Each structure stands twice: as C-alpha cells, then as structure tokens.
Amino acid sequence: MSDHEFGFDTLCLHAGQVPDAATGSRAAPIYQTTSFVFDSPDHAASLFNLQTFGNVYSRLSNPTVAVLEERLAAIERGRAAVAAATGIAAQAVALLNVLEQGDEIVAARTLYGGTLTQLDVTLRKMGIATHFIDSDNPENFARAITAKTKILYAETIANPSLNVLDLAAVAKIANDAGVALCVDNTFATPWGCRPFDYGAALVVHSATKFLGGHGTSMGGVVIESGKFPWDNGRYPAMTEPSAGYHGIRFYETFGDFGFTMKCRMECMRTLGPALAPFNAFLLLQGIETLPLRMERHCANALAVARHLEGHPRVRWVNYPGLPSSRYHDLALRYLPRGAGAVLTFGIEGGASAGAKFIESVEFLSHLANIGDAKTLVIHPASTTHRQLSDEQQRAAGVSADLVRISVGLESIEDILWDIDKALDKAAS
Amino acid sequence: MSDIRTLREIFARGRTVAVVGLSADWFRPSYFAAKYLKEHGFRVIPVNPRYPEILGERCYRSLRDIPDPIDIVDVFRKAADCVPIAEEAVEVGARVFWLQLGVTNPQAEAIAAGAGLTVVANRCIKIEYARLFGGLNWCGVNTGVISSHRPSMLPR
C-alpha cells in the first residue's frame, strides 16, 4: 500500500505542521525562544551527539522555522531543507557545506548581482574559484567542469536578464559528471517549476520574494533533493568524519538528508545566519496562498507585457511568456503555468526617460525588491547600476533604457493606467 | 513496505527490537538508533558476538540465543550478510524484518516476506519513528505527514 499523494495547493497549507501536541493550536505557533530545556544530562548529551532529535538552541533549529523548512521541502518535492536569515545567506551555507579552498564552481554569468559578487569576490577570497559561463548553451557547463568542480550554479529565470535555463540539459551534464546542480528557483517558485523534477541536487530560494509574497520578511532556504549520490568520491566532506561536528559521517548517518543535517550542524552552527521564528511565521502565511497569488502574478505580468509590446513609447519588451522572447520555447517547457511576474522593457528616450518614468508613477512602488503583492518598478541605470560606465552597464545586461517591473496583484486596469500615465510624462 | 499505515502498525505492536550488528561505539549509527529506541520505550536486545553488553543490555551472539520473544529484527549489517539473518528471524518467530538505511537484499527480503514477516528495507528505524511521532520534523525533513489531528503518540 502506498501513501496518498497530496496536491501542491494542499501541501502549501498543511505540509510541515500538524496541530500543536500540547495545545491543539491549528496555526503554527511562534516559538519565540532562544533555547530549549534538557530533561536530564543524558538527554542533553544525546541531543548534542545527534543521537536523538530535538531542539537545543534556535541557531540550530526552531520548531516554527522547522515548519517552514518542511513545507518548502514538500512543495519542491525535495527531502529536507534548512532555512536561513536571507536568500543570500542560504546560498552561502549551501555552497560552504561542500566547498573548500581549491574547489571550483561553474556558474551562469547572468546571475543576480548579489550572488555574482558572493561567488566572484567573497568565495574567491576563500580560495574557491568560480568559472562564469554563458548558460544559454548548456554545453558550456560541461566544458568548464574539472576534477575540482563541486557545484554547477544557475537560476531557473535569471535576474534581471530573464534567461530561462534548459534545466534538463544542464542537470544531465551535472549528473553525468557526478557534480551537484544547485538552482536558484526564486523567480519561478515551486508553483511554476520544480528543478528536482529535472535532476537538480539542490534548490535555493530567497523566500523574501514570492514565497513570503508581501514584502514583510527576509528569509532564505536550501532544499536537497535526497537523490544525489554524495558518496560518488567527489565529496569527501559528506562521507568522511566531520572535523566540524564530533567526527560524524553525515551521509552515512543521515542518508538522503545528510546534506541538510551537515549544513545545519556545521554551517548554521558556525556562521550563524538563523532565521527569526516570527519571520518564519510570516513566510508561512505567504506560502499558504502561493498558488493563488502566482496565478494572478503571471496573468497580470503577461497582460502588462502584451500591452507594452505594442506601445509607441516602448522600444522593446523582455518577458519569457511572450512569443517574441528567445526563451519562449524554454518557458513553455519549464514554466507552463506562467512565466513569472517580472519583465523588463526599454523606454523610448533612454536613461533620462527611464528616470522620469520612475518619478512619475502614482502607486507603483520604486524600490529594489521583487515578488511583493504590490507592483514594483526600478530603473537600474539611474539607481542600482548608476556608478557603472555605459560599457560596464551593458556587460551587466543593463541598458540605459531598461526598466524592470515586478507585476503585483492590483487591478490590471490600474496597473496599465499608471504605466501609461508615467510613459506619457516621461516622453514630455 | 514503508507506507505510513504499515509503519504505524509495526510500532504500535512491536516493542522488543533485536538489533543485529549493534556497535558499542557511541558515534556509530547503530548505537544512535538503539539508544533512541531505548529512550522511547522500546526494549532493545543487542546481537553482536564481539561484546558481552551494550547500552546496559546483555548482548547475544545470534538471534537464536535470545530466550525471549522478538517483535522486530533490525539489521545493521552489510547486504551480503542478510540472508542467514533473515532465515534466523523466521526461525525465532519475529514479526518484522527491518534492513537499515543503505541495506537491501531481495533474497533475504523474500525469505522473510514469504514466511509472513513484514519487511522494511533501506530505512532507518529511528528516523521512521521520529518521522511519524515527532522529532524528524524539527530538522526540516519532509515527513509526508499531513493531518489535522494532534500527534497520536507524544515523543519523549
């Protein structure tokens, strides 16, 4: 007899939490505590030795945060997850869990700027080298793999260039080489795409974006598929006695969630980016409505993209959901329910018109985030990328006329009204 | 068989567990599991010819030497060693033949299943208990448990 397989929407509401054993509380309780009492010295020893399951200190685990972790593992169809204070912290602990001095990463060169800098500057300072490649041709990953490569890294939908990754092709290259593929699935969300279905070993998220969905709470998560063979010879840190935790062999002891346990007991314990329980609670509230919100996010984004494509004050529109996108076929394959909420367009009049557009919107919010329920706009050339030369901006995929919109859940007529009004003002 | 209903039945009915290949070294997975089972109310009977006693329990050379009835035979041995252990498990009248995480042996499993034993393979008894009754959820593992009822057995 096999267990009933619950649908995605049910998992968004239920996975990770049954009513509280002590009180019957239906909502996930907020365990706002740093520490948890031991029953006896022997119980404490068992906990420290990982011989029993339980909570010790909220830097390692917390029951509210654990609900979020299990729910995300469930909706990504993974085995286990560990949450961190932000998305960038989550990917740092994921990478440092298996990388050490002398190791290498092969990564898409279109990564989000914060991620790119983490790999290219911060990890490089630690002696970990990243080779950046054009991910539009999956073979470029294969060509850059060496005996030292531990991770292939890419985004399902790149930020802000919106390239869609050929997940199956890249995962095959990774698995044939015995290298773990780590995918940032923030833009697609598990509602849109589940990288484990195509063979990824790890998924990371900035939960700050669509998962939380309301722009209230930072958070990140690392999820492991439970299917990657960490004992293939490339990852001695997973199979040999841990110098970081009592000589435990994590893969042997915890099997298909050994990566997550190691991440928790080594990286979270010694680097410390724990997620606050209250943030976990708010992120959980968001995930309950993820399927409903993503449906509307994608519908509104497509409507905005179509509207702008024929607009006289717009030079070009980049949205993988449009047939004009070079990533449209990949979007149909990997994002069949919708190509996400983010699009970019080129404004007629270039940099000065872009800045004027941003100043002229009525209720669209000018800020550096995506995935809020509210519509967000930014003109990178006059803000986040202002210090760069024209040439550097082009290399970063940011043209002077580029405006990015994270389309929200407002009435679509109002979103189009505000965009049209600001485009008119920018042209005058 | 490792669906939730089967596992609940195994744990509800079986409280005496013979742990074959139990190590006396505190950092070995078998020691973890046996200590956990003891702490959660199971009677653990160690089976390992190398030791007189583990975890304060008398250690036996083989399943046949154990004088008391055994509910669950939990095997921490490599796959190649499992066939004679399955035969012994049948002989001593165990109800469950359980092969630990990373261990499968179709022949041994068939011997046990053919004699009417419930067979679980490639699973850790400690992890599965904590998955159903609480504990595993605290470390972010996808337990697969979806329910609107309070946990039926409280973890210690």
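**Figure legends: chain B and the side that touches chain A**

**View 1. Secondary structure of chain B in the predicted model.** Chain B contains 5 helices and 7 strands. From the start of the sequence to its end, these elements are arranged in the order α-β-α-β-β-β-β-α-β-α-β-α. The radius of gyration of chain B is 15 Å, close to the 15 Å that the globule rule gives for 156 residues, so chain B is as compact as a globular protein of that length.

**View 2. Dimensions and interior of chain B.** Along the principal axes, a box of roughly 45 × 35 × 25 Å is filled by the C-alpha atoms of chain B. Of the 156 residues in chain B, 47% are buried. Among contacts in chain B with a separation of 6 or more, 55% are made by residues 24 or more positions apart in the sequence.

**View 3. Contacts between chain B and chain A.** On one side of the interface, 33 residues of chain B take part, and they are in contact with 41 residues of chain A. The elements of chain B that give two or more residues to this side are helix 1 (4-13) and helix 2 (29-39). Helix 2 of chain B gives the most, with 5 residues.

**View 4. Residue classes on the side of chain B that touches chain A.** Sorted by class, this side of chain B has 16 nonpolar residues, together with 12 polar and 5 charged ones.

How values were computed. Residues numbered from 1 in each chain as written. Chains lettered and ligands numbered in written order. Predicted model: local features only at pLDDT ≥ 70, side-chain atom pairs only at ≥ 80, totals over all residues. Helix = DSSP H or I, 4+ residues; strand = E, 2+ residues; numbered from the N terminus. Rg over C-alpha atoms; globule rule 2.2 N^0.38 Å. Buried ≥ 20, exposed ≤ 12 C-beta atoms within 10 Å, placed from the backbone. Contact = placed C-beta atoms within 7 Å. Nonpolar A, V, L, I, M, F, W, Y, C, P; charged D, E, K, R; others polar.
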